[in-house]
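Open the model in your viewer and keep the selection panel at hand. The stops below go from one element to the next.

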Amino acid sequence: MEISIQLCSILVALIWLGSLEVNGAKFLAEKPAFLDICKRSDSEFGKCWAKNLEKMFNGWKSGVPGLKSIGSLDPLHVKRAKITQGAEGSPISMNMELVNAELSGLGGTIIDDAGSNGNSLEMKLRVTVPSFKLTGDYTMHGNILSLALNSKGKALMIFEKATFTLNFRLKLREDGAQSFADVEKLDLLWEDNGGMQFHLSNLFNGDKALEDSAHALLNANWRAIFEVLRPALSQTNKIVVKDILSKIMAYVPVHYYLECVPGLKTLGSLDPLHIKRAKFSQGGKNDIISIDMDLANVELMGLSDVIIEDIGSNGNNLDIKFKLTAPNFKWNGDYAMKGNILSLALDSKGKTFMAFEKPTFTLNYKMKLRKEGDYEFADLEKLHLVWEDNANVQFRLENLFNGDKALEDSAHTLLNANWRPIFENLRPVLSQTNEIVLKDILNKIMAYVPTFGFFLKKKMKYCICLTLLFWTTSAVVGKKVLTEKPAFLNACPIEATDVGSCFAKNLEAMFHEWKAGVPGLKSIGSLDPLHVKRISIEQAVSGPISLNLNMQNAEIFGLSGTSITDVGTDAKKLTFKFNINVPEFKLISDYAVNGNLLSLALNSKGKAEIMMEKALLNLAIRVKIRENGDFKFGQLEKLHLVWEDVGGMHLHLDNIFNGDATLEDSAHALINENWRSIFEVLRPALTQTVEVIMKDFLGKILSHIPVTYLLDGL
């Protein structure tokens, strides 16, 4: 990595160990004992964070374990530094190059808080280095003060009581199974020194008397020399510190030093859900069931098919009450068990398999809104889950009697024939175990996803819940980066007057060319049809339209015909505004509905088909640039969508009156004659639904395609 900075007439080029190959572990696998976990809401957060950073410099002065891209911090190895200062006739006019340099003393760095904010992760610090020394090989020509210089040799520079102000902002990021805090913005100012000393061997080609006089002059005037060089030295050190911090923060998981962070620990896949360990105990010695069971490396399958129904939630105080039903749950894992079930004495370990048919649960939880920076989150305040019932339970415990197959088969027959009393005895502890698992999942999701993904503004009289399980229930598999630019994409010159139109055509081409899916990006699937596992809309409690509509296994056809036009781009700010026109699209799904629509009382389920013509939407987005390795990506910072209009809408709901064809035909005639009124009432909810889908879609696209394929000159 070569760093070249020009500040006024000052050029400082620094090459340090960024040129090394990045080898080693992907992240720090074990939390260092010297790091404290800082509470972001704590009034002492700044002090805690400053001390953590100070301990990193002190504790890792020989290097960060497993992170070979930095090397040691004390001494810090700088491969090359070049300083060009001033023009001829200036008091300081020189070209100086340092190679094979070492900066010693950073291990003694003292860091104090100067106003850090844990909620916004904006850090303001005062950094003091009691003494540090720079040594290396130098070549130089020019003049400093009245001295004409043209020499090379060994350089020594000593700085006493150097003070800096360091401001930076962190942004949370998930990567695989861990979360990190990336350095989003950083600024550093070298405020002052208590003293500065130079020694340049062979300054006048071996004339010791002249060299001693020159060093006396330089060191007597160190203050004037430092003040001239200070801006460039600040900028140089800013780049070094940013590079060091960026690499450390991208390597050290965030939960080693921060508490209560959205996305603190990623869940991985939800189906199957991986549980490292579950342990439960049930009953006393004389009970018909008395066991201690330890499960490890468990996979829970079936969560993606869960059906959730509201049974009395209150949106005003965010008290949620749900009924959960799943066709099947399956547990696989390793077990160790002691105790007795029915008349069977057990002491064994091996592989276990449990299958639960049609399990039902009641789930009650309460949320509390919390503001964090520009976002609002809904924290989980309390949660209670009860495992209500099953249609059947089947158990299989390998090695139950140490390989006695006949006895094991008899035992399994007895256990499975009596699954009902076994389940009833185990139900409290099973409820509690699943409550802990579900609470952990919901805590992480709700602390990671802002409320706009779940709720609309409080003043609106509708609620929409869009469950994008088709994107979230399995791990994202595929290539991380689209390494080859598709021929249909144009790199639009950022300074061109038509950059907005060019960018719009790129987006339009994606819908056309990638209708079957984005190469290497399996987390989205096809775009035409677009698969949405579940959409739920709850509309008003009074008025002509009052309904709960749940659609599952939805497919949306027609998006590949989308046309996109620019209506207001500010390329410098990377903000884009588009009109999106979809000539015709069709949604097909399974549905369940209850409520009333116009004068029709509805309570039915079946197949749904919704067709729309000439849909017009306005989309506004703001993007910022993010670097990752050799690539630059566009990160979606803000998105807003408005569904402006539609040229026509047609609905058909099979079995809307339980097979009464005459009544169904009349109902559909009434609904479709009044489609405009229905659309106007539902438009805010439909807008929010599409906005959430579009944000997720564009976010994944932009994180997969280097932005240089789309824009040139960034």
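Two strands count as paired if DSSP finds at least two bridges between them. Keep that cut-off in mind for the first stop. One caution before selecting anything: this is a predicted model.

**Stop 1: a strand pair**

Select residues 344–357, which are strand β17. Add β20, residues 392–397. The two strands pair in the antiparallel sense, over six bridges. Now pick out Phe-356 and look across to β20: the residue opposite is Val-393.

**Stop 2: the sheet around the pair**

Widen the selection to the sheet that holds both strands. Five strands form an open sheet, and their order is β12-β13-β16-β17-β20. The pairing is antiparallel. Strands of a sheet pair through backbone hydrogen bonds, either parallel or antiparallel.

Which strands stand at the edges? They are β12, residues 273–282, and β20. Each has a single partner strand, so one side of each is left without a neighbour in the sheet. From one strand to the next, the twist averages 25°.

**Stop 3: the helix across the sheet**

Show residues 405–417 as a cartoon. This is helix α4. Helix α4 lies across three strands: β16 (328–341), β17 and β20. Its direction is at about 160° to β20.

**Stop 4: a chain of charges on helix α3**

Move to residues 222–249, helix α3, and show side chains. Start with Arg-223. What does its side chain meet? In one salt bridge the partner is Asp-192, at 2.6 Å from N to O. Asp-192 sits in strand β9, residues 178–192, whereas Arg-223 belongs to helix α3, so this pair ties together parts that are 31 residues apart in sequence. Both ends are partly exposed: Arg-223 has a relative accessible area of 33%, and Asp-192 has 31%.

Arg-223 also forms a salt bridge with Glu-227, where the closest N and O atoms are 3.5 Å apart. This pair stays inside helix α3: the two residues are four apart, a separation of about one helical turn. Glu-227 is partly exposed, at 34% relative accessibility.

Add Arg-230. Its side chain meets that of Glu-227 in a salt bridge, 3.3 Å from N to O. Glu-227 and Arg-230 are three residues apart in helix α3, again about one helical turn. Arg-230 is partly exposed as well, with a relative accessible area of 22%.

**Stop 5: another salt-bridge network**

Clear the selection and choose Glu-122, Arg-169, Glu-184 and Lys-624. A network of salt bridges links these four. How many salt bridges does the structure hold? The count is 32.

**Stop 6: a loop glycine**

Select Gly-561. It lies in the loop between β24 (545–557) and β25 (563–566). Is Gly-561 buried or exposed? Gly-561 is partly exposed, with a relative accessible area of 36%.

Now show what surrounds it. Leaving aside neighbours within four places in sequence, Gly-561 is in contact with His-512, Asn-581 and Pro-583. Draw a C-alpha to C-alpha distance from Gly-561 to Asn-581: it reads 8.6 Å, and the two are 20 residues apart in sequence.

**Stop 7: colour by confidence**

Colour the chain by pLDDT. The average is 80, and 85% of the residues score at least 70. Which elements have the lowest and highest mean pLDDT? Strand β2, residues 10–15, has the lowest, at 31. Strand β6, residues 110–113, has the highest, at 92.

Select residues 1–24 next. The pLDDT stays under 50 there, and the model has 71 contacts beyond four places in sequence for this stretch. Then take residues 455–479. Their pLDDT is also below 50, and the stretch has 60 contacts beyond near neighbours in sequence.

**Last stop: the whole chain**

Zoom out. The chain contains nine helices and 30 strands. Of its 714 residues, 46% are buried. Among contacts with a separation of 6 or more, 70% are between residues 24 or more positions apart. Switch on the surface to finish: the accessible surface comes to about 34,200 Å², and carbon and sulfur atoms account for 53% of it.

Key. Residues numbered from 1 in each chain as written. Heavy atoms only, no water. Axes fitted to C-alpha atoms, helices over the stretch in contact; angles between N-to-C directions. Contact = heavy atoms within 4.5 Å. Buried < 20%, exposed > 50% of the residue type's maximum accessible area, 1.4 Å probe, protein only. Areas by Shrake-Rupley, 256 points an atom, 1.4 Å probe, with all protein chains shown as cover. pLDDT = per-residue confidence, 0-100.
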